[in-house]
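Walk through this structure with me, one contact at a time. We start with a pair of helices and then move on to the strands.

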Amino acid sequence: MNGKDGRDGKIGTQDGDEKEKDAKEQPLRVGVAVRKRRRALHLTLAVVSARSGLSVPFLSQIENERARPSMRSLERVADALETTAVELLAASDTARTVDLVRAGDDSGLAPAPGVRPLVRGHHQLHALEFTGDQDAGREYQHRNDELMYVVAGACQVEAEGRAYRLENGDALFLSGGVRHRWRAVSEDTRILVVAVGEHIHATSEPPSPEH
């Protein structure tokens, strides 16, 4: 969109204004409903951007639940997705999730022996519990941030060429992009790994026109 219909002006200004007004207007999980609807229509973010007049970075932040659209923006997104803001809000309510994982329950979803998912489904947050004599075996480099917490036992971690020994109660933060490998050093080790989902793009806020 070129803004000639009077809805936009400058897209950068529009996005900045929406971030200022979004705080209390919509439930944050509306992004899940927006993403599901877009994928159901097999549309790219670029197509939705062209239809709505909102920038691709702003739409991406909405879908990844890093920004809340105002009602005006949500209506424009809904028009681009051939639905209504009411329908998107209704879908966002069903996207709210409270999921209890009991101790010892892997629900048949354990990716490997001694590895238990603590968050089920496709969410921003990933969490795994590792028990026993685990050895990651290879070097990892994740897109987003990660936290390792030793519940019991100990583990050896190598990150960016430095070695760390973590014991009961120790926590190690690894920012996105840090190369690392780790292994448990005792059979009674229990490690909790919490990370931002790989499908989340942690991008900076779009600059305002004044900057």
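Two helices meet here: L45, A46, V48, S49 and S52 of α3 touch V56, L59, S60 and E63 of α4. By class, the residues of this contact are five nonpolar, three polar and one charged. The model is predicted.

Now the geometry. Helix α3 covers residues 45–52 and helix α4 covers residues 56–63. Their axes come within 9 Å and cross at roughly 110°. Because of that angle, α3 lies roughly perpendicular to α4. The crossing of α3 past α4 is right-handed.

Take one residue of this contact. S49 belongs to helix α3. Is S49 buried or exposed? Its relative accessibility is 13%, so S49 counts as buried; the cut-off for buried is under 20%. Which residues does S49 touch, once its neighbours within four places in sequence are set aside? They are L54, S55, V56 and L59. V56 and L59 also appear on the α4 side of the helix contact.

Turn to the strands. Four of them form an open sheet, in the order β3-β8-β5-β6. The pairing is antiparallel. Which strands stand at the edges? They are β3 (140–141) and β6 (162–167). Each has a single partner strand, so one side of each is left without a neighbour in the sheet.

Look at the β3 edge. There β3 pairs with strand β8, residues 179–184, in the antiparallel sense. Two bridges hold the pairing in register. Y140 stands opposite H180 in β8.

Stay on β8 for a moment. R181 sits in this strand. At a relative accessible area of 34%, R181 is partly exposed. That class applies because the value falls between the 20% limit for buried and the 50% limit for exposed. R181 and Q156 are 25 residues apart along the chain. Their C-alpha atoms are separated by 8.5 Å.

Another strand pair follows. Strand β4, residues 146–152, is joined to β7 by four bridges. The two run antiparallel. M148 has L172 in β7 as its bridge partner.

What do the side chains do along β7, residues 171–174? They alternate. L172 and L174 point to one face and are buried. A171 and F173 point to the other face and are not buried. L172 thus links two views of β7: L172 is the bridge partner of M148, and its side chain is on the buried face.

Technical notes:
Residues are numbered from 1 along each chain as its sequence is written. This is a predicted model: local features need pLDDT of at least 70, side-chain atom pairs count only at pLDDT 80 or more; totals for chains, interfaces and linings use all residues. Side-chain values use heavy atoms; hydrogens and water are left out. Axes are lines fitted to C-alpha atoms, for helices over the stretch in contact, and angles run from 0 to 180 degrees between N-to-C directions. Angles under 35 degrees count as roughly parallel, over 145 as roughly antiparallel, 65 to 115 as roughly perpendicular and the rest as oblique. A crossing is left-handed if the near helix is turned anticlockwise from the far one by less than a right angle, and right-handed if clockwise. Contact means heavy atoms within 4.5 Å. Ala, Val, Leu, Ile, Met, Phe, Trp, Tyr, Cys and Pro count as nonpolar, Asp, Glu, Lys and Arg as charged, and the others, Gly among them, as polar. Buried means under 20% relative accessible area, exposed over 50%, partly exposed in between (1.4 Å probe, protein chains only). Two strands pair if DSSP finds at least two bridges between them.
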